[in-house]
Amino acid sequence: MSDPGASRPGRAGRLERIRQGLRRTREGFVGRVAALYQPGRPAADWADDLETALIEADLGPGAAARIVSTVRASAGEQGPSWEGVRQTARRILREILSAGDAPAAAGVARPRVVLCVGVNGGGKTTTAGKLAARWVRKGEQVVLCGGDTFRAGAGEQLRLWAERTGAAFVGHGEGADPSAVAYDACSAALARGADALIVDTAGRLHTQEPLMRELQKVVRVIGRRIEGAPHEVLLILDATTGQNGVNQAREFLTAARVTGLVLAKLDGTARGGVAVRIVQELGIPLRYVGVGEGPDDLVDFDADEFLDGLLPSAA
């Protein structure tokens with residue numbers, strides 16, 4: 001883990017990391033679409049092929065149909081140009097992603113309670129640590145709650161994040177009742193006058209009903225201890241998950257009132273287009289993007305930066 005005090009990347013460095021993270025999605029999409037406009041290709045073929053290319057980029061059928069419809073309306077007899085498709089796709093995707101914009105919870109009584117949820121291996125614990133790092137840097141008092149009592153070593157991993165970022169830590173032993181851990185963390189945050197409480201939770205598949213019910217119990221316990229809590233519920237989604245992420249998001253939205261999405265593990269193998277589909281279909285705003293493993297590698301989502309990585313001008 002890198003030094004929490006290390007210098008944070010500027011916009012240029014952040015944009016390059018996002019661009020690298022979207023490399024697989026960008027190259028696959030651009031390659032398929034650009035091939036539609038080779039000299040001699042019949043213009044009549046372009047619409048179905050373009051829609052297929054957009055869907056294969058994990059953007060979802062809704063966004064694909066909207067882009068194709070708009071391109072068709074403005075295309076001449078010879079069909080659209082690649083630049084025309086690129087500009088239209090950028091405009092529509094920006095509208096979709098911006099429509100999901102929502103500010104972080106503000107104006108709530110301290111502590112602000114943030115619940116991190118998602119499937120096993122999605123990056124919840126690391127994201128919780130990164131959130132603590134950024135808020136401690138702002139001068140806030142932060143408590144980290146080790147609510148993942150099922151995964152061996154999860155509590156220890158989060159405790160190390162607390163030590164390295166200057167946050168407080170509350171956790172029980174492996175196998176403890178997650179609701180009891182969450183209750184104690186709420187009490188500790190209140191007693192300390194903390195600004196924020198970040199609750200890590202056990203990973204669970206969206207198809208595991210007993211575990212999803214347990215998550216609902218954690219939400220209820222937190223709400224009874226701190227009025228209005230949790231104030232934010234962040235679904236941590238592995239960017240390599242592709243279309244399955246939509247199903248995950250839908251079930252977690254039901255179980256835990258998800259308010260925001262974190263696209264974690266955005267690296268060269270990512271399938272980041274799925275974020276567009278989740279925002280469009282479920283109305284969950286994309287809040288953060290994980291671009292690395294260090295404390296500074298969680299950046300605020302910016303639609304323009306994301307689209308610069310997905311559909312750059314020099315495509």
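Start by selecting residues 142-147, strand β2, together with residues 196-201, strand β4: these two strands run parallel and are joined by six bridges. Keep in mind as you click around that this is a predicted model. To see the pairing in detail, pick Val143, which stands opposite Leu197 in β4.

Now add residues 168-171, strand β3. Four bridges pair β3 with β2, again in the parallel sense. Here Gly146 is the residue to highlight, because it stands opposite Gly171 in β3. How does the chain cross from β2 to β3? Follow it through helix α7, residues 154-165; this β-α-β crossover is right-handed.

Stay with β2 for a moment and look at its side chains. In a regular strand, side chains alternate between the two faces of the sheet. In β2, Val142, Leu144 and Gly146 point one way, while Val143, Cys145 and Gly147 point the other way. Are these residues buried or exposed? They are all buried, and β2 as a strand is mostly covered.

Next, select Leu158, which has its place in helix α7. Leu158 has a relative accessible area of 0%, so it counts as buried. Show its surroundings and you will find that Leu158 touches several residues far from it in the sequence, among them Leu144, Cys145 and Gly146. Phe169 and Asp200 also touch Leu158. Try a distance too: from C-alpha to C-alpha, Leu158 and Val170 lie 9.5 Å apart in space, and they are twelve residues apart in sequence.

Time to look for empty space. Rolling a probe the size of a water molecule over the atoms shows where such space is left. How many cavities of 30 Å³ or more does a search of the whole structure find? The search finds one, and the volume of the largest cavity is about 60 Å³. To see its lining, select residues including Gly147, Pro178, Val199, Asp200, Arg204 and Glu214. Helix α8 (178-192), strand β4 and helix α9 (209-225) each supply at least two residues of this lining. The lining residues divide into six nonpolar, two polar and three charged.

For the last stop, select residues 274-282, helix α11. This helix is mostly covered, with seven of its nine residues buried. Which residues of α11 are the buried ones? They are Val274, Ala275, Val276, Arg277, Ile278, Val279 and Leu282. Finish at Gly283, which follows α11 and has a positive phi, near 70°.

How values were computed
Residues are numbered from 1 along each chain as its sequence is written. This is a predicted model: local features need pLDDT of at least 70, side-chain atom pairs count only at pLDDT 80 or more; totals for chains, interfaces and linings use all residues. Side-chain values use heavy atoms; hydrogens and water are left out. Buried means under 20% relative accessible area, exposed over 50%, partly exposed in between (1.4 Å probe, protein chains only). A crossover is right-handed if, with the strands pointing away from the viewer, the path from the first strand over the helix to the second runs clockwise. Contact means heavy atoms within 4.5 Å. On a 1 Å grid over the protein atoms alone, a cavity is a set of points where a 1.4 Å probe fits but cannot get out, and a pocket is an open set with protein on both sides within 12 Å along at least five of seven lines; lining residues have an atom within 4 Å of a point. Grid points are joined across faces, edges and corners, and a volume is the space filled by probe spheres set on the points. Ala, Val, Leu, Ile, Met, Phe, Trp, Tyr, Cys and Pro count as nonpolar, Asp, Glu, Lys and Arg as charged, and the others, Gly among them, as polar. Lists of a residue's contacts leave out its neighbours within four places in sequence.
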